[in-house]
Amino acid sequence: MVPEASHVEARVELDFGAIRKVLVVDDSRLQRRILVASLKKWGFEVLEADSGEVAIELCTTDPPDLVLSDWIMPGMDGLEFCHAFRDLEGEQYSYFILLTSKSEKQEVARGLDAGADDFLIKPLEADELRARISAGARILDMQRELSRKNQLIETALNELKLAHDAIDKDLMQARKIQESLVPELKRTFGKSQVSLLLKPCGHIGGDLVGMFSPGVNRLGFYSIDVSGHGITSAMMTARLGGYLSSTHFDQNIAVERRFNKFFALLPPEEVAALLNSRLMADAGIEEYFTMVYAIVDLRNGHLKMVQAGHPHPLLLRRDGQTEFLGEGGLPIGLLPEAQFQQTEFYMQPGDKLFLHSDGFTECQLADGSLLDDDGLKAMAVECAADHGGPEFLDDMFWRLTQVMSPDSGTADDVSAVFFEYNGD
């Protein structure tokens, strides 16, 4: 039996972990005295209540770590009190032990359903009571440690969300900056026209397309794909956009001033070599890029092109013939002494040239295969029969989204240049 208060001789401090404050609820003053005496001897701060109603008021203002409540009480019994107590609980969980003479399984189940954590059958034994409190303390220790860790995780998640929001805001601004590198998606040069497509797979991408004309009948355009994805690749595209500026020809390395009067287009193979030397001169930069860069004399359709590891451009002749151009070549920024070969051919009025990134040809289809060159050619022929200019590129991208695997989605940046030659 739990000893009566008069038999308690000394206060014994025991370690019960998270349990510091205990509430004893019993309508019997004698039973409360017996329990309170033992609990104080073990070092607990003890609160008392002679009914469930009084206990609820105490718990509202001074919640305990552990509740020892009799089941059978007038008014609000222990089961009802347990229900009400659980409805009160705030951030911190409290352990609840019902004291009862009921031992039937159905009664125990009712108590557990009400929110009790444990039972003690009257009459109480001091050792068993201490052991049950110790078991409850271990559970509360684990629960509160878990709660503490959850709070740390929640705090960390909130900090990560703030960091993510800041990064997302920066990326949105970076996207605007990157879009400014391609201020025009369509431009007419005499009777000819260049249209551009740029669809990053994320906020920002590593593809770049562009065009510039330093003078009448002289036109240059390019398609670039920087290795990797994300911020580093986007920073490289910004740098390349400056090297191939369409507005500041004194900064554009693809043109040179002659006789202090006009700008002339440099040969594409020379431009590729200049870009390669600049990239190789910068220590610590591991990125490289593929490129197709072409210049054309609009008076006669004479086109010169360099292909540096980029997918082969597709030439769509006005008579319906198609041809992939270029010899492949090395990407720019891999080898310091890389050689780049120039391809030359003539376009006739009505011919079209399609430059594209590997976001087209390496698009994964629903059956697991890739679109590849043959699929691209078939798609381009169909689109060219119905559309020209930006509509052709929009149709190409739409068709690509329709055939790609829903699992992979747009896994890579998609970009293209569409040049329609119709004379000067």
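**Overall form, cores and selected residues of the predicted model**

At 38% relative accessibility, Asp 372 counts as partly exposed, because partly exposed covers values between 20% and 50%. The structure is a predicted model. Asp 372 belongs to helix 9, which covers residues 372–386. The phi of Asp 372 is positive, at about 55 degrees, although the residue is not a glycine. Most residues other than glycine have a negative phi.

Asn 217 also has a positive phi without being a glycine; the value is about 70 degrees. The residue sits in the loop that links strand 8 (207–215) to strand 9 (218–226). With a relative accessible area of 22%, Asn 217 is partly exposed.

A further backbone feature occurs at Pro 123. The peptide bond from Lys 122 to Pro 123 is cis, and its omega is near -5 degrees. Most peptide bonds are trans. Pro 123 lies in the loop between strand 5 (118–121) and helix 5 (126–180).

The overall form was examined next. The protein contains 10 helices and 18 strands. Its C-alpha trace spans about 115 × 45 × 30 Å along the principal axes. The radius of gyration is 39 Å, whereas a compact globule of 424 residues would have one near 22 Å. Of the 424 residues, 45% count as buried. Contacts between residues at least 6 apart in sequence were also sorted by separation; 67% of them join residues at least 24 apart.

The exposed surface of the protein amounts to about 21,400 Å². Carbon and sulfur atoms supply 51% of that area. Charged side chains number 40 positive and 68 negative. The centres of these two sets lie 4 Å apart.

The largest nonpolar core holds 52 residues. Phe 221, Tyr 293, Leu 303, Leu 353 and Phe 419 have the most contacts inside it. Strand 12 (residues 289–297) gives the largest share of this core, with seven residues. Apart from this core lies another, of 23 residues. Its members include Phe 16, Leu 35, Tyr 95 and Ala 137.

The surroundings of Phe 221 were listed without its neighbours within four places in sequence. Its contacts include Val 292, Tyr 293, Ala 294 and Val 296. Leu 303, Leu 353, Leu 355, Val 417 and Phe 419 are also in contact with Phe 221. Val 194, Gly 210 and Met 211 complete the list.

Two further aspartates were examined. Asp 27 is placed in the loop between strand 1 (21–25) and helix 1 (29–41). Its relative accessible area is 38%, so Asp 27 is partly exposed. Residues up to four places away in sequence aside, Asp 27 touches Arg 32, Asp 50, Asp 70, Ile 72, Met 73 and Pro 74. Asp 27 and Asp 70 are 43 residues apart in sequence. Their C-alpha atoms are 8.0 Å apart in space.

Asp 395 is located in helix 10 (residues 389–403). Its relative accessibility is 12%, so Asp 395 counts as buried. The cut-off for buried is under 20%. Beyond its neighbours within four places in sequence, Asp 395 is in contact with Cys 383 and His 387.

Definitions and conventions
Residues are numbered from 1 along each chain as its sequence is written. This is a predicted model: local features need pLDDT of at least 70, side-chain atom pairs count only at pLDDT 80 or more; totals for chains, interfaces and linings use all residues. Side-chain values use heavy atoms; hydrogens and water are left out. A nonpolar core is a set of buried Ala, Val, Leu, Ile, Met, Phe, Trp, Tyr and Cys residues joined through side-chain atoms within 4.5 Å. Buried means under 20% relative accessible area, exposed over 50%, partly exposed in between (1.4 Å probe, protein chains only). Helices (H or I, at least four residues) and strands (E, at least two) are DSSP runs, numbered from the N terminus. Contact means heavy atoms within 4.5 Å. The radius of gyration is taken over C-alpha atoms; the globule rule is 2.2 Å times the number of residues to the power 0.38. Accessible areas come from the Shrake-Rupley method with a 1.4 Å probe; for residues, only the protein chains shown count as cover. Lys and Arg count as positive and Asp and Glu as negative; His and the chain ends are not counted. The place of a charge is taken as NZ of Lys, CZ of Arg, CG of Asp or CD of Glu.
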